[in-house]
Amino acid sequence: MSSTLLRTQDLTARFGGHVAVDGVSCAFAAGALTAIIGPNGAGKTTYFDLISGQVNASTGRVFLGGRDISRMPVAARARAGIGRAFQLTNLFPNLSVMENLRLVAQSKSKRRACIWSMASRHRTLIEAAEQALEQVQLKDQRFQKISELSHGDQRKLEVAMLMTLDPLVYMFDEPTAGMSMDEAPVVLDLIAALKQRRDRTILLVEHKMDVIRALADRIIVLNNGCLAADGAPAEVMESDIVQEAYIGRGLEGALNEL
Ligand SMILES: Nc1ncnc2c1ncn2[C@@H]1O[C@H](COP(=O)(O)OP(=O)(O)OP(=O)(O)O)[C@@H](O)[C@H]1O
């Protein structure tokens, strides 16, 4: 049985009088992909923000490999192994795809104090970046400025960057949104391959049922900030609480409308 990599305990985010995430306790094992679903405004993005550190918990804690990371800022959590797909606003639009990837690799290799090991680690990371570019089929665009990439290619680059960093926890937020039918399988196949790594855990906020069906080992449902259901995909889809949360339209219809 796989061990727990990430755990949230009574995790809560309050914005003024509004509780966006309400006491969510959940453990995520290595080697599994958990889809996080729920209606608009259910708290999915805020739950991601609480884990990655973009939002500080009002109460509750986040543990990575047993270590309490709740008070760490975003960058320290990233160094500890929390990997959220990059927002392009964090990148350099006038630098090329490869230059941006090199900067990501550099930020990781700097974590080692010794110059010699830094240099050799940096080489390994550059190789990983090259490999990631090939895997997302962006090799031909490696000298293109990222501001000139199509939307689908920008999303692929986000995935390549995350793979270069190779965190313990991969967090994807609708990774194929805006991609064409041809582009989406490249990214979905990569995420499926990541699952084979028994030492990583993957969280996926997703509205598309076909993606959830193809990838999820487990589904958790957030509703009004609360954990409304948690279990194997077939079981969660059939649960009363999920059916009730999407009254009238059925879960599948409601998700596909989003
Ligand atoms: N910074 C903030 N200040 C105030 N309210 C916020 C803030 N961030 C989120 N909220 C509110 O918290 C609730 C949860 O929002 P969140 O974006 O986490 O939901 P979501 O499930 O990701 O929704 P969607 O599927 O539409 O992206 C919403 O009511 C939202 O308006």
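A residue counts as near the ligand here if its C-beta atom, placed from the backbone, lies within 6 Å of it. With that in hand, here's a quick tour of this predicted model. There are two stops: the shell around the ligand, and strand β7 with its neighbors.

**Around the ligand**

- Going along the chain, the ligand's surroundings start with Phe15, His18 and Ala20.
- Then come Gly38 and the run Asn40, Gly41, Ala42, Gly43, Lys44, Thr45 and Thr46, which complete the set around the ligand.
- Two elements, β2 (18-29) and α1 (44-52), each put at least two residues into this shell.
- Helix α1 gives the largest share, with three residues.
- By type, the shell is made up of seven polar residues, three nonpolar ones and one charged one.

**Strand β7 and its neighbors**

- Strand β7 covers residues 169-173, and four of its five residues are buried, so the rest of the structure largely encloses it.
- One partner of β7 is strand β6 (residues 82-84): the two pair in the parallel sense, over three bridges.
- In that stretch, Arg84 sits opposite Met171 of β7.
- Another partner is strand β8 (residues 201-205), which also pairs with β7 in the parallel sense, this time over five bridges.
- Here Tyr170 stands opposite Ile202 in β8.

**How β7 and β8 are linked**

- Helix α6 (residues 184-195) joins β7 and β8 in a β-α-β unit.
- The handedness of that unit is right-handed.

Conventions
Residues are numbered from 1 along each chain as its sequence is written. This is a predicted model: local features need pLDDT of at least 70, side-chain atom pairs count only at pLDDT 80 or more; totals for chains, interfaces and linings use all residues. Ala, Val, Leu, Ile, Met, Phe, Trp, Tyr, Cys and Pro count as nonpolar, Asp, Glu, Lys and Arg as charged, and the others, Gly among them, as polar. A residue is buried if 20 or more other C-beta atoms lie within 10 Å of its own, exposed if 12 or fewer, and partly exposed in between; C-beta atoms are placed from the backbone. Two strands pair if DSSP finds at least two bridges between them. A crossover is right-handed if, with the strands pointing away from the viewer, the path from the first strand over the helix to the second runs clockwise.
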